[in-house]
Amino acid sequence: MEYQSTRSARYRASGMEAVLNGIAPDGGLYIAPAMLGALNFDWRGCLKKSSLGMAEMILSFLLPEYGNMGELVSRAYAGKFESDELTPLVSVGDSYVLELFRGPTSAFKDVALSMLPQLMSAAREKLCNDDKITILTATSGDTGKAALQGFCDVPGTEICVFYPYGGVSAVQRAQMVTQEGGNVRVCAVRGNFDDCQTGVKQAFAALGTRSAPGLRYSSANSINIGRLAPQIVYYFIAYARLMESGRINCGDKVDYVVPTGNFGDILAGYFAKLLGLPVGKLVCASNSNRVLTDFFETGTYDKRRELRRSSSPSMDILVSSNLERLLYLGSGGDCDMVAEKMRELYEKGFYTLDDCLMSKIRESFSWGCCDEAETGAEIRRMWDTYGYLCDTHTAVAAKVAREYRETKNDGTALVILSTASPFKFPAAVLKALGGDTQGDEFDMMATLSEISGVPIPRNLLNLRQKAELHRDVIDRGDMLDYILKR
Ligand SMILES: *Cc1c(COP(=O)(O)O)cnc(C)c1O
């Protein structure tokens, strides 16, 4: 399948090149124009496979240049998740919760960041075997650890993660600074997350993607098609489980509610639909940063607002980058329009889509949001009503799902995507349940486990005892030097 920039047909790339480059030279995102037409994908056959088999089939279809996808999938996932089903589907009340956080770092990001390093390493082997790829990542918490784990000891790659000093939770910090592996570096930066991200962007600008012969720089963020494609798989997994349980017949529509930040997760659901999966509505759930809710309601995307710090921090985002791909697909591949809107967003801070495109988009999506008080109340309600312990991000989706259900009650099966373990946000979850929030986050994890009877995931349980391997702290002006140091 061939890829090109969302902003211009001039920038084309094979799937492998798109994975290696991450972003197109004009700042656009890689997309396959073939997705504008009917795709000849055997989605029914795909549903009959195991989870890893589905991953192999979907990824081979989208990235056919890789000849050995089965091997790459196996290296990424086999034995690394709590089970090789990857993402279990749990029945909760009259809905279903798809648990995406059963990976090696208890983050939903594990699904994509286990696969991306394999795709990148294999692309490197075929296209630029002598180069070493250095992954630069700024993180506000979860992405850093999942990326470290995914790239740990992957041949030909090295990863360097920057996090804000004092700006991540104790658990997130412990996860990162205890990371083993011969090709990993972790460094705290005296500044906030934006400083880290700006530093990484400046480093890319200074170094180029290819600074010196033999050295390449890339990123692990969610605009890479190699991070997006693996996320399509769990939409199929959920659908297959619903068929097996007899809840649906093959061909019935299923609605999915997705706690959304950068619009990657939910866009993967749209890709699943384009591959033929009978997806009903994709419901976009936002926290109090309701920039997407407003977009769907009004047709204007407006980032000119204060970012609110919420208890679901992975969704505290004002620019949802992957929406750009939806504009491309929804408009039938109108690159000029996409380029113009992205320029308006950059220069003026907002853009408005025409009614025709908005109604096309609204055919596939629904939306809703959930504020801080409602998030806590939903965690409590899920626990009191169903005995299901969920985290803050999942609670945002659960509340939006409940409201969606109330307006549209036609018996369509509904799947809530759950993106984090409740033990990664023990303070907020305990508070919602009225539990004792004394001590540090590790104490709170223990308390939460005690009162709920739900075990702490193994990778989080032993964190406090593990040796700290990464102690570097630098000023924000020193990031480039730090990157070049080795
Ligand atoms: C990244 C993340 C999200 C948002 O996913 P997007 O693909 O950015 O929309 C939601 N919840 C958690 C816990 C996450 O880590």
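**Close-up views of a predicted model**

**View 1. Surroundings of Tyr77.** In this predicted model, Tyr77 touches Leu52, Ala55, Asp84, Leu86, Val111, Ser114, Met115 and Pro230, leaving aside residues up to four places away in sequence. Tyr77 is also one of the residues that touch the most other members of the largest nonpolar core.

**View 2. The nonpolar cores.** The largest nonpolar core comprises 113 residues. Together with Tyr77, the members that touch the most others are Tyr66, Tyr235, Phe236, Tyr256, Phe263 and Ile361. Helix H9, spanning residues 225-244, supplies the largest share of this core, with 13 residues. A second core, separate from this one, contains 35 residues. Among them are Val171, Ile416, Leu430 and Ala432.

**View 3. The shell around the ligand.** The ligand is surrounded by 14 residues, of which the closest are Lys109, Gly261, Asn262, Asp265 and Thr419. By residue class, this shell consists of 7 polar, 5 nonpolar and 2 charged residues.

**View 4. Polar contacts to the ligand.** Two of the contacts shown involve oxygen atoms of the ligand. A polar side-chain atom of Lys109 is placed 2.5 Å from a ligand oxygen atom, and a backbone N or O atom of Asp265 lies 2.9 Å from an oxygen atom of the ligand. At a nitrogen atom of the ligand, the partner is a polar side-chain atom of Thr419, at 2.8 Å. The ligand taken alone exposes 380 Å², and the protein buries 96% of that area.

Methods: Residues numbered from 1 in each chain as written. Predicted model: local features only at pLDDT ≥ 70, side-chain atom pairs only at ≥ 80, totals over all residues. Heavy atoms only, no water. Near = heavy atom within 4 Å. Polar contact = N/O pair within 3.5 Å; in protein donor to acceptor, adjacent residues only side chain to side chain. Areas by Shrake-Rupley, 256 points an atom, 1.4 Å probe, with all protein chains shown as cover. Nonpolar A, V, L, I, M, F, W, Y, C, P; charged D, E, K, R; others polar. Core = buried A, V, L, I, M, F, W, Y, C linked by side-chain atoms within 4.5 Å. Buried < 20%, exposed > 50% of the residue type's maximum accessible area, 1.4 Å probe, protein only. Helix = DSSP H or I, 4+ residues; strand = E, 2+ residues; numbered from the N terminus. Contact = heavy atoms within 4.5 Å.
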